[in-house]
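This briefing is meant to be read with the structure open beside it. The points are grouped by topic, beginning with an internal cavity and ending with the chain as a whole.

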Amino acid sequence: MFGINQNCEIALPDTYYTLEEYQSNVPRWCPGCGDNSILTSVQRLCRDEQLAPEKTVFVSGIGCSSRFPHYMGTDGFHGLHGRALPIAEGIKIRRPDLDVFVNMGDGDCCSIGTAHWIHAVRYNMNMVAMLHNNEIYGLTKLQVSPTSPQGLVTNTTPTGSPLKPIKPLSVTLGISNVSFVAQVGEWMPEMMYDIIKAAYHHRGFSFIHIVQRCPHFTPHMFDHLMQPESILMLQHEDGLNSSETMLKTFKNHENHDPSNLNRARELAEKEDLLPVGILYRNENVEVYDDAKRRKRFVTSEMRKNVLENAFNKILIEPVSGGNGHA
Amino acid sequence: MDKVEALAKVSPLAAGEKKKVLLKEHIIEIVSDAGEGAQKAGQAFGAISAKSGNGIWTVEIIPAEIQPPPRSKVGGSGNRIRIGSFYITNAGDEADLVVAFNEQSLLGRFESDNMKPNAIVLLEDKWRDHADPEIKKMYREGLDELSKTKLRIYEVPMEKECLKIVQNPQRGKNMWALGMLCSIYSRDLEAARNEIRLTFAKKGEKVIAPNIQLLESGYAWAEENLDFKFEIPSAGIKDRQIVLNGNTALALGVVASGMDVCAMYPITPATSASHYLSEIFEHVGGVVHQAEDEIAAAAFAVGASYAGKCAVTITSGPGLSLKTEVLGLASMAEIPLVVVNVQRGGPSTGLPTKVEQGDLLMSLFHTHGDAPKIVMAPATIEDCFYAPITARKIAETFRMPVYILSDANLATGQQPFMKPEFKEEWVAPPFDQSPVPEDMAPYDWDEETGLSSRIIPGQPGGMHTLTGLAHSRESKVAYDPWINQFAMEKRSKKLAAFQKTLQTPKVHGDKKGDLLIIGWGSTLGVIEEAVDAACEKGYSVSSLHLKYLQPMASGIKEILQQFKQVMTVEINYSDSYKDKFFDENNRRYSNLALLLRARYLIDVDCWSNVFGQPIKPHSIIDMIEERLK
């Protein structure tokens with residue numbers, strides 16, 4: 001039919017997609033919400049990469065950030081709390097032609113969907129996952145998150161959160177088969193764009209930890225990071241090469257080789273500075289969807305033969321006697 | 001002298017001492033400790049019998065643990081094979097002949113009322129003089145106890161005979177026992193050899209040769225030493241058939257349906273379907289994904305369905321509990337999905353290896369809010385094959401989850417049926433990647449039927465965001481109150497529309513009478529057998545079997561109204577009508593009875609149990625007699 005193969009790889013007509021084509025409804029996020037800036041960077045990437053909107057799927061969970069797909073002009077799947085990753089994996093398994101992006105909040109990724117996060121890293125499927133981490137539950141109105149800082153007063157921790165937070169970067173870097181880990185703050189749009197772009201071009205599962213402000217509930221949560229001296233720019237010839245302007249603004253630099261996993265883990269544990277850039281990248285990790293990819297075109301004849309072979313192993317030939325039963 | 005000495009002694013027979021008895025049917029059980037291969041022997045004997053033209057039904061006897069303590073009453077593992085000179089539809093009543101590798105497994109079967117009082121027993125005798133005095137004592141005491149019964153016990157030197165051929169008789173005794181059974185039931189030895197070649201085909205000649213030797217040895221021993229021999233005449237087979245269990249049939253049905261993705265998480269007793277599928281799915285471009293948990297398996301299947309062809313997830317009750325939220329999403333966002341639930345005993349971990357039909361109401365109602373789904377239940381092994389093909393089509397046409405409720409009885413039960421002929425229309429068409437017309441919305445609900453065409457990723461102009469939130473025709477989040485009401489109506493109408501395609505099920509027996517028994521799922525065979533037997537005794541009783549539980553076909557109420565009493569027979573829990581503590585204010589009914597009462601406003605009674613065993617025909621007959629006396 002229309003000369004499509006079973007992987008749906010069809011040649012689309014030459015069209016130029018404008019930025020507007022990646023926009024949809026007007027976002028209903030609060031003014032100043034970090035999600036707006038992430039959305040803009042992503043739309044820009046789609047335009048620059050000229051991703052066919054019908055071949056691009058944004059999958060999300062539940063929460064403020066998970067409204068993301070509704071604001072994209074592409075395909076989208078606004079799924080279930082914590083389940084964005086397995087849904088995205090299912091989408092990708094037989095559709096190598098689709099570009100799949102996942103947007104989740106810290107509740108999605110680090111709490112209700114933690115198991116899926118761990119295993120998504122392990123599956124290492126071709127997709128970009130963005131963790132919008134504002135360290136607070138916003139949609140349900142100010143409850144503590146597993147990523148909230150110790151002592152944070154919320155509606156469920158009126159005397160302050162007693163526990164230390166989970167560190168998404170450290171966890172991700174500790175999972176076998178990890179292949180791409182990056183971090184950025186959403187108030188650094190240029191860096192964010194560069195990182196999402198690098199993630200998009202990575203073969204495998206790209207995990208981006210985005211520190212995201214929630215101006216409504218915790219307006220001062222990240223004030224300490226707003227000073228340029230709180231940022232540590234990770235630069236490398238195999239990583240990011242930021243503009244002179246950026247490097248002048250953010251004066252702390254480290255020449256970090258993204259293949260250095262041990263250093264990446266040390267950086268992830270840093271308390272004094274926020275490392276921004278690509279912490280780890282390894283293109284040589286087994287990719288699950290590639291491993292499970294359909295080996296050849298399957299015809300009805302082949303299906304019939306597989307069934308016939310199976311039947312022949314358990315076949316009973318006609319036997320005379322009795323009245324016979326069919 | 002020990003009492004055991006008085007038991008039937010086995011000694012070589014003189015020529016002509018043995019008479020062949022013709023039988024209409026027999027139930028054979030072979031039980032051992034787990035890992036001794038009784039199941040393999042039982043399956044092989046079932047297959048040999050089926051290939052000789054007998055009607056068969058085999059069912060596995062499975063302990064709950066992988067390595068239960070050896071020589072224990074509850075750890076017995078094996079197979080029950082019912083063979084007849086007619087078409088067999090269920091596992092039947094008590095066993096007529098039992099091969100036991102130790103006396104404790106035997107006692108386990110006897111004490112759980114699975115053996116006829118005068119059954120023949122062929123018991124491994126190596127324990128009689130076992131080096132361990134404890135074991136020796138247990139054996140002799142066990143035998144003493146059994147000698148007080150009417151059982152005909154033969155002590156058989158199985159291991160001693162096997163040792164003449166192999167070094168480790170524990171791995172091979174099963175084929176020796178198979179040889180013995182082939183002699184007893186007058187099976188063709190060459191057919192048995194062929195079955196062994198087939199069973200061990202993957203392992204090669206090195207394994208096949210000694211197993212054939214063992215088979216022949218067992219056969220020869222029985223010919224020379226046992227004073228009885230049976231023959232169950234062939235029922236005859238007109239067409240080519242295949243013999244397989246329900247889980248294998250489900251897996252083959254998935255292949256035949258053209259589905260591409262099966263996402264699952266290991267769970268008893270469903271997993272063997274996925275095992276089999278894993279072996280062959282790749283040859284047709286399919287993928288079995290073992291997810292990190294049941295929720296992920298369902299979500300993965302939903303993702304795959306959304307992006308292309310309908311996918312399947314295979315599970316059992318506890319898994320279905322976990323998948324609930326995803327199934328609500330599939331219903332809400334109208335994503336086709338096939339959900340196979342091979343039911344086991346519940347609630348909670350329940351009886352993992354045992355049969356129960358306890359998930360019917362759960363399947364209909366487990367999601368929060370109103371989430372329409374279709375529920376069907378295969379009644380035979382053949383149904384298990386066709387169910388995924390039908391379910392895939394329904395799921396894609398009606399854009400909703402379709403549940404297939406199998407159970408542990410069908411999962412491991414083997415029954416031959418006519419070899420299916422592959423049809424092109426079973427298979428899902430390729431993904432539609434054509435452009436979407438400008439005026440077409442993601443949920444273009446038809447006013448009358450609620451049906452709409454699905455748009456999948458890759459269709460130019462079809463971009464939209466699918467959501468589990470209440471949504472409009474355009475898949476936009478619903479902020480107006482009327483949209484939710486409207487969309488719910490449309491999703492519900494799909495069920496009503498599907499209902500109109502269903503045929504009224506046929507009554508088994510007279511169309512009016514004193515009692516109508518209604519069943520669903522794996523109990524079809526046993527109910528009809530019991531009803532036939534009761535009719536022969538002069539009772540006015542008929543039966544009705546439902547394959548579609550949600551929605552139900554038209555015309556059922558009219559059928560029910562023709563009978564003085566109506567009741568369901570099910571393998572799930574209900575409060576007994578005999579217990580005076582229960583009355584109409586507090587009695588809880590079995591799954592189907594509750595549904596029928598609610599829908600038809602008819603006083604439907606129920607008779608059900610949760611012994612975790614297939615229902616025996618005579619227990620239904622007894623119940624009918626009690627009711628109609």
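Helix 2 of chain A gives the largest share of the lining of the largest cavity, namely 3 residues. The model in which this cavity is found is a predicted one, and a search of the whole structure finds 3 cavities of 30 Å³ or more.

**The largest cavity**

- The volume of the largest cavity is about 70 Å³, and among the 14 residues that line this cavity, those closest to its centre are A:Arg94, B:Val261, B:Ala304, B:Lys309 and B:Phe431.
- Two elements give two or more residues to the lining of the largest cavity, and these are helix 2 (84–93) of chain A and helix 10 (294–307) of chain B.
- Sorted by class, the lining of the largest cavity holds 8 nonpolar residues, together with 4 charged and 2 polar ones.

**Strand 15 of chain B and its surroundings**

- Strand 15 of chain B, which spans residues 401–407, is largely enclosed by the rest of the structure, because 7 of its 7 residues are buried, that is, under 20% relative accessible area.
- The residues of strand 15 of chain B point in two directions, with B:Pro401, B:Tyr403, B:Leu405 and B:Asp407 on one side and B:Val402, B:Ile404 and B:Ser406 on the other, and the residues of both sets are buried.
- Strand 13 of chain B (residues 337–343) runs parallel to strand 15 of chain B and is joined to it by 7 bridges; in one of these pairings, B:Leu337 has B:Pro401 as its bridge partner.
- Strand 14 of chain B (residues 374–376) also runs parallel to strand 15 of chain B, with 3 bridges joining the two, and here the bridge partner of B:Ile374 is B:Val402.
- A right-handed β-α-β unit is made by strand 14, helix 13 (residues 381–398) and strand 15, which are elements of chain B.

**Chain B as a whole**

- The secondary structure of chain B comes to 19 helices and 23 strands, and buried residues account for 62% of its 629 residues.
- Chain B has a radius of gyration of 27 Å, which agrees with the value near 25 Å that a compact globule of 629 residues would have.
- Taken along the principal axes, the box filled by the C-alpha atoms of chain B is roughly 90 × 60 × 50 Å.

Key: Residues are numbered from 1 along each chain as its sequence is written. Chains are lettered from A and ligands numbered from 1 in the order in which they are written. This is a predicted model: local features need pLDDT of at least 70, side-chain atom pairs count only at pLDDT 80 or more; totals for chains, interfaces and linings use all residues. Side-chain values use heavy atoms; hydrogens and water are left out. Buried means under 20% relative accessible area, exposed over 50%, partly exposed in between (1.4 Å probe, protein chains only). Helices (H or I, at least four residues) and strands (E, at least two) are DSSP runs, numbered from the N terminus. Two strands pair if DSSP finds at least two bridges between them. A crossover is right-handed if, with the strands pointing away from the viewer, the path from the first strand over the helix to the second runs clockwise. On a 1 Å grid over the protein atoms alone, a cavity is a set of points where a 1.4 Å probe fits but cannot get out, and a pocket is an open set with protein on both sides within 12 Å along at least five of seven lines; lining residues have an atom within 4 Å of a point. Grid points are joined across faces, edges and corners, and a volume is the space filled by probe spheres set on the points. Ala, Val, Leu, Ile, Met, Phe, Trp, Tyr, Cys and Pro count as nonpolar, Asp, Glu, Lys and Arg as charged, and the others, Gly among them, as polar. The radius of gyration is taken over C-alpha atoms; the globule rule is 2.2 Å times the number of residues to the power 0.38.
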